[in-house]
Amino acid sequence: MLDPGHGGNDPGAVSPDYKEKDLALKLSKKIVNELLPYQCQVKLTRKMDLSLSLSNRAQLANSLNADLFVSIHINAGGGTGFESFIHPDAPELTRQYRNIVHSRVVSYLGGYQITDRGQKSADFAVLRLTKMPAILLENLFIDNSKDISFLTYEPFLAGLSNSIAAGIAASLDIPLRENPWDPAWEIAQLQADRIINTPRLPEAYVSWGELATVLNRVREVPPPDPVNWDPEGEIDLLIRDKILNTAQKASSTSLWGEFATVLNRLRNRTVTPDNWDPPAEIEALVADRLLMMAREPSASLNWGEFATVLNRYRGTGG
Ligand SMILES: [Zn+2]
């Protein structure tokens, strides 16, 4: 159970431009993605910006009988670096798990000369109320200019989430999946979350009308016509919101370079603001681990790959 700290009317620590609740959620979703290759089920206490009491977070983990609870926070108060917490009365197993996760993270952070503030204990409610081993991570300082520049640098976040995930997998001794990629399952997740209404074949190509509709549902923009599907209207919404610059034919197949570009705009990842550079757009997806291997920009986008990248972006892949 991953627990993105704060949320809703509790922003956590704040700096002029950032809120802890947002950074904690973003980092948590990336950790979910990094755990995809492992044979485990990962749950989040919150998937969006909502208020959740500390006792509810612990109850969620307790009711699911989770094996491990990891609460994700960003520090504040004038310091710098990383520290981890367990409860002062935590059993030996919790100490072992924390030691493994902590070591993985500081070995990654060492490459950036980021301070290890140490392994600490505190009587935090989520650590006290959870029945399983529970760890709380304070990932750098939101009010330190050097720390925040790391926390807002996507390749750094990708590596940080990877090191936390690797620590979790190592502490629980979770094996890798034999076949980590299951495109049909990824498409089924889109259907389960009502992002698509009918199943698609993994090898079928994604049309521009479908692409626009799916992206609008993911970003929770109401459809242009609530009753009848209006693919052209969906494309217009992308143009209206500057996610797409020029109109595309709704029935035409979308290409990898185009998909990467609109997804990067949707996630506010500015790659090539002036001169469009499709390979660079695709590389940004690889750098952020939404995609494992670069694709030809002119290759057609199929449903299996589309669903997989989208689920990683949504933080709900499996
Ligand atoms: Zn916090």
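Isoleucine 135 is a good way in: leaving out residues up to four places away in sequence, it touches Val70, Ser84, Ile86, Tyr97, Arg98 and Val101. Isoleucine 135 also belongs to the largest nonpolar core, a set of 46 residues, where Val70, Ile135, Ile164 and Ile168 touch the most other members. Keep in mind that this is a predicted model. The chain comes in two parts, domain 1 (2-172) and domain 2 (183-314).

**Cores**

- Val70 turns up twice here: it is among the contacts of isoleucine 135, and it is one of the four residues that touch the most other members of the 46-residue core.
- There is also a second, separate core of 29 residues, and its members include Ala212, Leu215, Leu244 and Phe259.

**The sheet**

- Five strands make up an open sheet in the order β1-β2-β5-β3-β4, and the pairing is mixed.
- On the edges sit β1 (2-4) and β4 (116-121), each of which pairs on one side only.
- From one strand to the next, the twist averages 20 degrees.
- As general background, the strands of a sheet pair through backbone hydrogen bonds, either parallel or antiparallel.
- β2 and β5 go together in the parallel sense, over six bridges, with serine 71 opposite leucine 136 in β5.
- On to β3 and β5: these two run antiparallel and are joined by four bridges, and serine 84 stands opposite leucine 137 in β5.
- Strand β3 (residues 82-86) also pairs with β4, this time in the parallel sense and over five bridges.
- In β4, the residue opposite isoleucine 86 is serine 121.
- Helix α1 lies across β1, β2 (69-75) and β5 (134-141), and its direction makes an angle of about 140 degrees with β2.

**Strand β5 and leucine 140**

- Eight of the eight residues of β5 are buried, so the strand is largely enclosed by the rest of the structure.
- Leucine 140 is part of strand β5.
- With 29 other C-beta atoms within 10 Å, leucine 140 counts as buried, because the cut-off is 20 or more.
- The backbone of leucine 140 is worth a look: phi is near 65 degrees, a positive value in a residue other than glycine.
- For context, most residues other than glycine have a negative phi.

**Asparagine 268, another positive phi**

- Asparagine 268 is not a glycine either, yet its phi is positive, at about 55 degrees.
- You'll find asparagine 268 in the loop between α10 (256-266) and α11 (278-287).
- Asparagine 268 is exposed, with 6 other C-beta atoms within 10 Å.

**Alanine 212 in the second core**

- Alanine 212 lies in helix α8 (residues 208-218).
- Alanine 212 is buried, and the count behind that is 26 other C-beta atoms within 10 Å.
- Setting aside neighbours within four places in sequence, alanine 212 is in contact with Pro231, Glu234, Ile235 and Leu238.
- Alanine 212 and glycine 233 are 21 residues apart in sequence, and their C-alpha atoms are 9.0 Å apart in space.

**Threonine 246**

- Threonine 246 sits in the loop between α9 (231-240) and α10.
- Threonine 246 is exposed, because only 12 or fewer other C-beta atoms within 10 Å are allowed for that label and it has 6.
- Between the C-alpha atoms of threonine 246 and alanine 24 there are 35 Å, with 222 residues separating the two along the chain.

**How the domains meet**

- Measuring centre to centre on C-alpha atoms, domain 1 and domain 2 lie 30 Å apart.
- Five residues from domain 1 and five residues from domain 2 make up the contact.
- On the side of domain 1 that touches domain 2, the elements giving two or more residues are α1 (20-34) and α6 (154-172).
- The largest share of that side comes from α6, with three residues.
- Sorted by class, the side of domain 1 that touches domain 2 has two nonpolar, one polar and two charged residues.

Methods: Residues numbered from 1 in each chain as written. Predicted model: local features only at pLDDT ≥ 70, side-chain atom pairs only at ≥ 80, totals over all residues. Domains from an automatic or database assignment. Contact = placed C-beta atoms within 7 Å. Nonpolar A, V, L, I, M, F, W, Y, C, P; charged D, E, K, R; others polar. Core = buried A, V, L, I, M, F, W, Y, C linked by C-beta atoms within 7 Å. Pairing = 2+ DSSP bridges. Axes fitted to C-alpha atoms, helices over the stretch in contact; angles between N-to-C directions.
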